[in-house]
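Let's take a walk through a protein model together, going from one helix to the salt bridges and then to the aromatic rings. Have your viewer open and follow along.

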Amino acid sequence: MYSIIFLLIIIFLLLLLLFKLLKVNKNYFMCILITVFIFLFVSNLQSCIDAALVGVNLVVKTIVPTIFPFSVICNLLISYDGVSLYSKILGPLFCKPLKLSKSSSFPIVASILSGYPLGCKYCCDLYSLGYIDRKEFERLLNIASNASPIFLIGSIGATMLGDIKLGFILLIGNYLAPMIVGILTIKQSKNLSNMKEVPANTSNINFGTALKSALDNGVNTTLQVGSFVVLFSIIISIIKNNAYISIIFSNIENFLNLPQYSLYGIFLGSVEFTNGCKLITTLPLTIPFKLSIISFICSFSGLSVIAQISSFVSKYNVSLAKYSFYKLIQGIISFFITFVISSVFTLKYTAYTSTFIPDNYNITIIIYLFILLSLICTLIIAISKKLHRS
């Protein structure tokens with residue numbers, strides 16, 4: 001078994017080296033990958049069909065009821081110049097501390113209420129309509145970027161973990177992390193006093209025309225997001241059916257003395273965060289570690305969401321590598337915030353229930369992580385003050 005894994009790794013590395021030396025067109029490499037995917041799909045046909053049906057079920061029960069109506073409502077607001085109206089109300093609350101223009105409040109609120117990928121979509125809409133400049137657009141993509149409260153509180157907290165309070169802990173970490181990323185990227189922002197506000201649109205728009213446009217846009221957005229969910233459900237199924245991948249992660253976990261399937265769950269979550277979160281909830285981990293790993297997965301979002309974001313921003317030539325890097329930072333920050341909050345919550349909660357008694361090892365980790373988080377927060381404050389002075 002180990003020899004087969006070793007040979008596969010060597011073959012893959014040699015193929016990469018061969019393509020590099022021969023300067024083969026990248027399209028050929030993608031063709032080979034797609035051919036391999038087709039072979040894997042055909043060889044695991046029944047499991048892939050079942051996974052596709054699971055993805056469709058997820059789309060019908062989760063994506064359509066949340067993204068479609070909210071997308072239609074937001075598009076109607078944009079048609080009737082809701083960006084100008086609500087930026088005056090919410091702009092000072094969300095945007096002034098982050099040195100963003102008031103118009104940026106709209107995608108931030110959309111992301112807070114509905115999660116991936118609507119925050120990104122409305123960032124693109126604002127940029128295309130001229131409400132924000134390119135630098136602010138690139139910053140806003142990472143700030144208006146978080147999992148939806150329905151998913152964190154309902155799907156993970158209430159359904160997967162069986163305690164809605166744990167969902168609210170995840171919500172805090174996932175909402176604070178993008179704001180901290182916004183503070184870290186303040187240097188990229190212009191001086192707000194030099195930014196021109198877009199005048200309000202006073203033209204009369206027929207409601208039927210606005211509704212049709214909003215419905216068309218909502219249907220397209222929902223179908224696009226749903227298609228990604230189904231596709232990545234199939235990819236996750238193929239990965240799960242590959243015994244070699246599971247063995248590799250199992251050996252790494254044994255070598256590092258980590259709980260079984262912990263790294264494997266993070267890996268699956270990095271591909272598609274719903275499946276990764278579901279696996280993590282079943283692991284024999286303490287509540288703080290379990291919540292922190294889930295929080296990291298949700299904040300990082302995974303390849304599925306990054307692919308959805310790519311479909312929106314590709315025409316604007318935005319660097320996905322830079323976006324993914326900041327999403328990784330966001331995930332790490334969310335991990336530490338969630339760990340500290342959940343550790344304090346768990347200790348208080350179990351003081352009455354006596355269902356959880358932390359050992360010295362866990363207490364030591366909590367202390368060290370609290371010190372580390374304090375240092376990170378202090379460093380962030382110091383950097384932000386320095387940036388404000390410059």
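Does Asp125 count as buried or exposed? At 18% relative accessibility, Asp125 counts as buried, where buried means under 20% relative accessible area, exposed over 50%, and partly exposed in between (1.4 Å probe, protein chains only). Before going further, note that this is a predicted model, in which local features need pLDDT of at least 70 and side-chain atom pairs count only at pLDDT 80 or more, while totals for chains, interfaces and linings use all residues. Residues are numbered from 1 along each chain as its sequence is written, and side-chain values use heavy atoms, with hydrogens and water left out.

Asp125 belongs to helix α6, which covers residues 118–129. Helices here are DSSP runs (H or I, at least four residues), numbered from the N terminus. The expected span of a helix is 1.5 Å times one less than its number of residues; for the 12 residues of α6 that gives 16 Å, and the end C-alpha atoms are indeed 16 Å apart, so the two agree. Most of this helix is covered, with 9 of its 12 residues buried. Among them are Leu118, Cys120, Tyr122 and Leu126. Just after α6 comes Gly130, with a positive phi near 85°.

Now for the charged side chains. The structure holds 3 salt bridges, each defined as a side-chain nitrogen of Lys or Arg within 4 Å of a carboxyl oxygen of Asp or Glu. One of them joins Asp125 to Lys121, at 3.0 Å from N to O. These two residues are 4 apart in helix α6, so about one helical turn separates them. Lys121, at 4% relative accessibility, counts as buried.

Another salt bridge links Glu138 with Arg134, at 3.3 Å from N to O. Here too the partners are 4 residues apart, this time in helix α7 (residues 134–143), and are therefore separated by about one helical turn. Glu138 is partly exposed at 23% relative accessibility, and Arg134 is partly exposed at 29%.

Moving on to helix α10 (residues 207–240), you will find Asp216 and Lys212, 4 residues apart and thus about one helical turn from each other. In their salt bridge, the closest N and O atoms are 3.1 Å apart. Asp216 is partly exposed, with a relative accessible area of 39%, whereas Lys212 counts as exposed at 53%.

The rings come next. A search of the whole structure finds 10 aromatic pairs. Rings of Phe, Tyr and Trp (its six-membered ring) pair if their centres lie within 6.5 Å; planes under 30 degrees apart count as stacked, over 60 as edge-to-face and the rest as tilted. Tyr127 and Phe137 form a stacked pair, 4.5 Å centre to centre with 5° between the planes. Because Tyr127 lies in helix α6 and Phe137 in helix α7, the pair ties together parts that are 10 residues apart in sequence. Tyr127 is partly exposed at 23% relative accessibility, while Phe137 is buried at 0%.

Phe296 and Phe300 are also stacked, because their ring centres are 6.1 Å apart and their planes lie at 5°. They sit 4 residues apart in helix α14 (residues 287–300), so about one helical turn separates them. Phe296 and Phe300 are both buried. Finally, look for Phe289, Phe335, Phe336 and Phe339, which ring pairs link into a cluster.
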